[in-house]
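Here is a short set of exercises to work through with the model open beside you. Each one gives a task and then a solution in steps.

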Amino acid sequence: MKNLMIKRWAGFGFLLAISVGPAAAHVLLETRQAPAASYFKAVLQVPHGCAGSATTALRVRIPAGVISVKPQPKPGWKLAVVKEKLNPPVDNGHGGKITETVREVIWSGGNLPDDFFDSFVMISRLPEQGEVLYFPVVQECQKGLTRWIETPVAGQSLSDLKHPAPELKLLPSGR
Amino acid sequence: MIIPAAAVARLASMAIGLMLWAMAGTAWPHASLLRVEPADGVHLATSPAQIRLDFDEAISPVELRVFDAHGRNRLVALPAVSGNGLSAAVAGLEPGSYWVSWRVVSADSHPVGGAFTFAVGDTTVPNIGAALIPTQLQTSAWDMALTMARAILYLTLLQAAGAALFRALIGQPLRIEALWFPRLIVGCSMLAAAIAMLSVGLKGGQLLAAPWAGLLQPDVWAKGAGTSFGPAMAVVAGASFLMAATRHRVLPCAAFGIMAVAGLCLTGHAASGPRWAQILTFVHGLAATFWLGALYPLLRIVQLDGAHRLAVLQRFSGMAMVVTPVLFVCGFAVAWHRMDLPGDLAATLYGQLLTLKLSAAGILLGLAAINRMLVTPALARGQPLAAEKLLRTIGLELIVAATLLVIAATLANTPPKVPGVSIGAASQENGWQGERLSPSGLALRLAVTPAATGANSLEVDLQGRDGHAFSPISVTAELRHTGLGTATLQRPLTLVKPGQYRLKKVQLPMAGSWDLRIVVLVDEFVQEAFDFGLAVRPVQSE
């Protein structure tokens with residue numbers, strides 16, 4: 001009985017550790033792959049500030065093709081979205097048309113000290129086609145800012161980049 | 001108090017779990033550099049005794065090297081760590097510039113690296129022997145080919161359009177029927193059209209730095225056509241064809257000639273400046289077309305048509321009195337806008353070429369004045385040999401005009417604002433130039449002057465997909481010596497004017513090949529990187 005408890009807890013700890021993923025000194029998505037054309041809960045993890053300075057704002061550029069974006073409000077942070085017209089409008093899947101989409105999500109006015117971590121959440125609908133989507137992030141701090149906007153070019157991998165944009169792999173749609 | 005074993009185990013496993021989670025999820029920030037000694041970019045009177053770097057947290061060194069002009073590491077002791085600092089002694093450094101390359105591992109075992117430079121003593125004294133890898137100064141064959149194509153295009157197009165204008169403005173009003181006009185127009189305009197089309201491929205080859213065989217690949221042509229050069233050359237070639245097609249119809253032919261000249265102003269420096277400068281460039285080009293394009297027809301008429309020559313000369317002379325001032329005023333205004341006059345005239349390659357062009361224009365003006373004030377009146381008085389004299393001066397004008405157009409073509413392929421090189425001097429310092437096109441259509445032109453060891457300046461010209469000057473949020477240069485595998489030096493470029501960025505006095509102490517990356521922050525979330533291989537040649541000791 002005792003052994004079982006120990007195993008269970010140790011197993012839980014281990015699972016927790018690997019579920020969070022490898023060396024996350026970068027701003028990353030918690031889940032890094034999702035089926036195309038699905039609703040996706042994007043959880044952006046901010047593991048540290050800008051060279052020791054506390055994070056005060058996080059701005060996310062929504063990649064083209066990602067629609068129906070709804071960010072989750074956070075206590076202590078102001079939340080705003082920047083919208084743009086969709087040309088041409090796209091189907092909303094329920095017989096209507098979507099003419100406007102969120103281009104940028106901004107959490108601001110907060111204070112996330114360098115010693116703590118936090119996540120920023122939004123839901124969205126992923127496009128039907130594509131391989132990789134990038135969610136470039138501008139992290140603003142009390143002193144300075146960090147742009148997580150680099151994307152790999154041919155022959156480069158994410159680990160070659162200093163400040164990679166959070167990446168999401170699109171899997172074949174379930175349908 | 002007895003703590004149950006199960007509780008201990010649970011707490012321990014939770015602690016381990018949390019620790020793993022913390023390591024994986026919330027990793028520490030990387031070490032950041034607070035201060036270096038000597039300061040980055042500083043110019044010291046005498047050699048420093050040591051190199052010192054201070055970080056915001058404990059680090060362990062991976063690499064610390066101080067390169068001199070010969071690519072030798074000048075540290076005399078192993079780097080020592082004390083607290084958050086890293087230091088190492090250097091030997092008495094002779095005058096010259098030095099490159100410090102560093103890499104450290106911070107507490108989260110994440111490697112961090114960078115570079116900085118400093119100079120010692122009088123760096124104007126060349127301090128390099130033959131010790132280093134000799135490097136060839138890279139002059140792009142594509143650049144040469146483009147300049148030659150542009151020169152031929154200017155000569156043929158101006159002659160075709162100039163002949164058409166001459167026929168419309170002077171020939172027809174005086175009822176001169178000359179059978180050679182259509183032949184001249186067809187020959188020149190067809191050649192102009194062919195060269196204009198070929199230029200698109202040459203431009204693509206230059207942008208992609210392709211081998212010559214690239215001219216056979218559609219990709220290369222597509223790249224060339226994708227810049228402002230593509231539509232411009234389409235207009236030039238199309239209008240030239242139409243000129244050839246309408247060679248027997250005076251007014252349409254002249255109109256297509258004007259259109260072809262306008263096409264030239266849709267690309268190059270004219271297209272990257274403000275609209276008024278583009279219009280002035282067009283007026284300047286049109287005036288030049290009228291003036292220079294008239295020389296050959298004048299020569300033919302003076303030679304062949306004794307009955308009309310005096311009337312033709314007088315009519316041309318009268319019109320030139322209006323056109324020539326317009327030509328010069330527009331030319332000066334555009335030059336004034338592109339350069340810091342008069343200082344740049346001597347200080348930049350563009351300025352030096354412009355000075356040459358102005359000298360040629362001055363000679364032309366002098367010859368024209370002789371024709372107007374001396375030779376034509378002599379012809380009117382019926383003086384013997386006046387016609388022969390006239391033929392000689394017009395012939396001379398033709399030669400000077402052709403030279404001037406070749407200089408103008410070279411100017412068009414020279415960035416206006418690259419400081420400080422002398423042409424024709426024994427030790428030619430042309431600097432280095434490169435051009436790249438990003439997948440999104442952003443064109444970047446980079447000039448490094450003098451691309452020799454020591455202090456260099458970087459000049460970046462950016463052109464958007466629409467062919468206009470593009471000013472991003474920021475432009476940063478990243479430099480590292482390829483052969484020595486140094487860490488990377490980052491420097492921001494400063495905005496000079498829209499689409500133009502400059503980095504003054506960056507020290508490149510070691511000769512050889514360098515990796516040079518220009519990072520353009522297009523908007524808050526998008527950056528584009530342009531990679532160049534730069535050859536820095538050693539400055540020979542005297």
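**Exercise 1. Classify B:Arg480 by accessibility, then find the acidic partner of its side chain.**

Step 1. In this predicted model, B:Arg480 has a relative accessible area of 27%. Buried means under 20%, exposed over 50%, and partly exposed in between (1.4 Å probe, protein chains only), so B:Arg480 is partly exposed.

Step 2. The side chain of B:Arg480 meets that of B:Asp515 in a salt bridge, at 2.7 Å from N to O. A salt bridge here is a side-chain nitrogen of Lys or Arg within 4 Å of a carboxyl oxygen of Asp or Glu.

Step 3. Now place the two residues: B:Asp515 lies in strand β16 (residues 512–523) of chain B and B:Arg480 in strand β12 (residues 474–481) of chain B, so the pair, 35 residues apart, links distant parts of the chain. Helices (H or I, at least four residues) and strands (E, at least two) are DSSP runs, numbered from the N terminus.

Step 4. B:Asp515 is partly exposed as well, at 29% relative accessibility.

A note on conventions before you go on: residues are numbered from 1 along each chain as its sequence is written, and chains are lettered from A and ligands numbered from 1 in the order in which they are written. The model is predicted, so local features need pLDDT of at least 70 and side-chain atom pairs count only at pLDDT 80 or more, while totals for chains, interfaces and linings use all residues; side-chain values use heavy atoms, with hydrogens and water left out.

**Exercise 2. Follow the salt bridge of A:Arg59 into its network.**

Step 1. The search of the whole structure gives 20 salt bridges over all chains. One joins the side chains of A:Arg59 and A:Glu104, with 2.9 Å between N and O.

Step 2. Distant parts of the chain are linked by this pair: A:Arg59 is in strand β4 (residues 55–61) of chain A and A:Glu104 is in strand β7 (residues 97–108) of chain A, 45 residues away.

Step 3. A:Arg59 counts as buried at 15% relative accessibility, and A:Glu104 counts as buried at 9%.

Step 4. The network of salt bridges links A:Arg59, A:Glu104, A:Glu140, A:Arg147 and B:Glu524.

**Exercise 3. Is B:Asp54 buried or exposed, and which residue does it pair with?**

Step 1. B:Asp54 has a relative accessible area of 14%, so this residue is buried.

Step 2. Its side chain forms a salt bridge with that of B:Arg52, at 3.1 Å from N to O.

**Exercise 4. Describe the hairpin of β14(B) and β15(B).**

Step 1. Strand β14 (residues 494–497) of chain B pairs with strand β15 (residues 500–508) of chain B in the antiparallel sense, over three bridges. Two strands pair if DSSP finds at least two bridges between them.

Step 2. Opposite B:Leu495 stands B:Tyr501 in β15(B).

Step 3. Two residues lie between the strands of the hairpin, and B:Gly499 takes a positive phi near 80°.

**Exercise 5. Locate the nonpolar patch that includes B:Met190.**

Step 1. B:Met190, B:Met197 and B:Phe241 make a nonpolar surface patch of about 270 Å². Patches are made of residues with over 30% relative accessible area and no salt bridge; like charges are joined within 9 Å, nonpolar side chains (Val, Leu, Ile, Met, Phe, Trp, Tyr) within 5 Å. Areas come from the Shrake-Rupley method with a 1.4 Å probe, and for residues only the protein chains shown count as cover.

Step 2. B:Met190 sits in helix α3 (residues 180–208) of chain B and is partly exposed, at 38%.

**Exercise 6. Where is confidence in chain B lowest, and where highest?**

Step 1. pLDDT is the predictor's confidence in each residue, from 0 to 100. Chain B has a mean of 81, with 84% of its residues at 70 or more.

Step 2. The lowest mean, 53, belongs to helix α1 (residues 5–25) of chain B, and the highest, 93, to helix α6 (residues 250–264) of chain B.

Step 3. Over residues 20–29 of chain B, pLDDT stays under 50, and the model has 30 contacts for them beyond four places in sequence. Contact means heavy atoms within 4.5 Å.

Step 4. For the complex, the scores are ipTM 0.77 and pTM 0.50.
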